[in-house]
Amino acid sequence: MGALLLRCALLALAAGLVAARGGGGGGAGAAGRLSPNYYRHSCPRVERIVADVVAAKQRANPSTAAGTLRLFFHDCFVGGCDASVLVSPLSADRSPERAAEINLSLPGDSFDVVARAKAALEVACPGTVSCADILALAARDLVGILGGPRFPVALGRRDARRSDARDVEGNLPRTNMSARAMAVLFARKGFTPRELVALAGAHTVGFSHCGEFAHRLYSFRSADGYDPSLNPAFARALQSSCANYRSDPTISIFNDIMTPGKFDEVYFKNLPRGLGLLASDAALWEYPATRVFVQRYADNRTAFFEDFAAAMQKLGAVGVKTGRQGVVRRHCDVL
């Protein structure tokens, strides 16, 4: 009888360990099963195929890089890196993540580059490479094309079986957030203030619509009507450029007005000078816990590149699904 009880207890313990390792839709255990060599035998040319598609798309549409970086971040911070943000509202029974208000401004070129790479891979290796892995590779490759760091990408993610717009709210930073609020949000995902600032460095490329920072330009409670943390000449130029943003919401300004097409550390140099476009950018300089890293990266491009690469690798492992936790979609925009 005692032996039987002992055996039952051991079986229960084993079941508990399996549940702990496999539960939660993909955590540290799932991330540990990723590998840069995941497709070595099933699709050995996967990185070359994605790189070729990405390079051609970036040449044709230079805004692709910044948009794809943002798309990758929005995917990973909501339910993990599982391509759930790629699902089209036209193909889903309920509103997917892509239909959430904060995702409506995600650029079409970023979705298109993933779709093109997926189509090429379906010819070379049908039903093998996940959309989540394609997005991770595309984001990495586009950073390199713009002069940023190259780094290995662990592969083996599966695509989500669901996508729901209701999952988005509260999981992504807003452009008017304080640095303290962003630090709390990132901490919930397992990221430090240092990693927050490194990832924010992606704003060294891309642009923002005037509506996202207009509150800093007009009717601000200051003598000049604009946010006093802005460089005065920069603020006046923005007021002029964005004057018609209500009638034309497409009016946009580069996030880094100095080197907008280059992935570098100049974004961080801009912040102490009052040249941060978004309130959330400026906030990184005003908050002591993040200011130290803004200064570090402004002074040292190598430090920024190293920390950005490490943070991107960590981001790419957030909430991943492997094995039976997910699927490999034939079309990235369709569940």
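**Salt bridges, annotated positions and helix α6**

In this predicted model, Arg-194 is partly exposed, its relative accessible area being 34%. Arg-194 takes part in a salt bridge with Asp-307, in which the closest N and O atoms are separated by 2.8 Å. Distant parts of the chain are linked by this pair, as Asp-307 belongs to helix α13 (residues 301–315) and Arg-194 to helix α8 (residues 193–200), with the two positions 113 residues apart in sequence. Asp-307 has a relative accessibility of 14% and therefore counts as buried, since the cut-off for that class is under 20%.

A second salt bridge is formed by Lys-314 and Glu-195, with 3.0 Å between the closest N and O atoms. This pair also links distant parts of the chain: Lys-314 is placed in helix α13 and Glu-195 in helix α8, 119 residues apart. Lys-314 is partly exposed at a relative accessible area of 31%, whereas Glu-195, at 19%, counts as buried. A network is found elsewhere in the chain, where salt bridges with shared partners join Arg-94, Arg-162, Asp-164, Arg-166 and Asp-167.

In total, the structure contains 21 salt bridges. One of them joins the side chains of Lys-57 and Asp-112, with an N to O distance of 2.8 Å. Because Lys-57 is located in helix α3 (residues 46–60) and Asp-112 in helix α5 (residues 108–124), the pair ties together parts that lie 55 residues apart in sequence. Lys-57 is buried, with 7% relative accessible area, while Asp-112 is partly exposed at 25% relative accessibility.

Attention then turns to the annotated positions. According to an unreviewed UniProt entry, the annotation "binding site" covers Asp-75, Val-78, Gly-80, Asp-82, Ser-84 and Glu-97. These residues are spread over 23 residues of sequence, yet they cluster in space, the largest C-alpha distance among them being 12.2 Å.

Asp-75 is situated in helix α4 (residues 64–76). With a relative accessibility of 1%, Asp-75 is buried. When neighbours within four places in sequence are left aside, the contacts of Asp-75 are Gly-80, Cys-81, Asp-82, Ala-83, Ser-84, Val-85 and Leu-135. Gly-80, Asp-82 and Ser-84, which are in contact with Asp-75, are also covered by the UniProt annotation.

Glu-97, by contrast, occupies the loop between α4 and α5. Glu-97 is likewise buried, at 3% relative accessibility. Apart from neighbours within four places in sequence, Glu-97 contacts Val-78, Ser-84, Val-85, Asn-103, Ser-163, Asp-164, Ala-165 and Val-168. Val-78 and Ser-84, both contacts of Glu-97, carry the annotation as well. Ser-84 and Val-85 appear among the contacts of Asp-75 and of Glu-97. Asp-164, another contact of Glu-97, is a member of the salt-bridge network that includes Arg-94 and Arg-162.

Helix α6 was examined for its length and burial. This helix comprises 15 residues (131–145), so at 1.5 Å a residue a span of 21 Å is expected, and the 21 Å between its end C-alpha atoms agrees with that value. Helix α6 is mostly covered, 13 of its 15 residues being buried. Leu-135, one of the contacts of Asp-75, falls within the residue range of α6. Gly-147 follows α6 and has a positive phi, near 100°.

Technical notes
Residues numbered from 1 in each chain as written. Predicted model: local features only at pLDDT ≥ 70, side-chain atom pairs only at ≥ 80, totals over all residues. Heavy atoms only, no water. Salt bridge = Lys/Arg side-chain N within 4 Å of Asp/Glu carboxyl O. Helix = DSSP H or I, 4+ residues; strand = E, 2+ residues; numbered from the N terminus. Buried < 20%, exposed > 50% of the residue type's maximum accessible area, 1.4 Å probe, protein only. UniProt positions renumbered as here; feature names shortened; annotations may be inferred. Contact = heavy atoms within 4.5 Å. Expected span 1.5 Å × (residues − 1).
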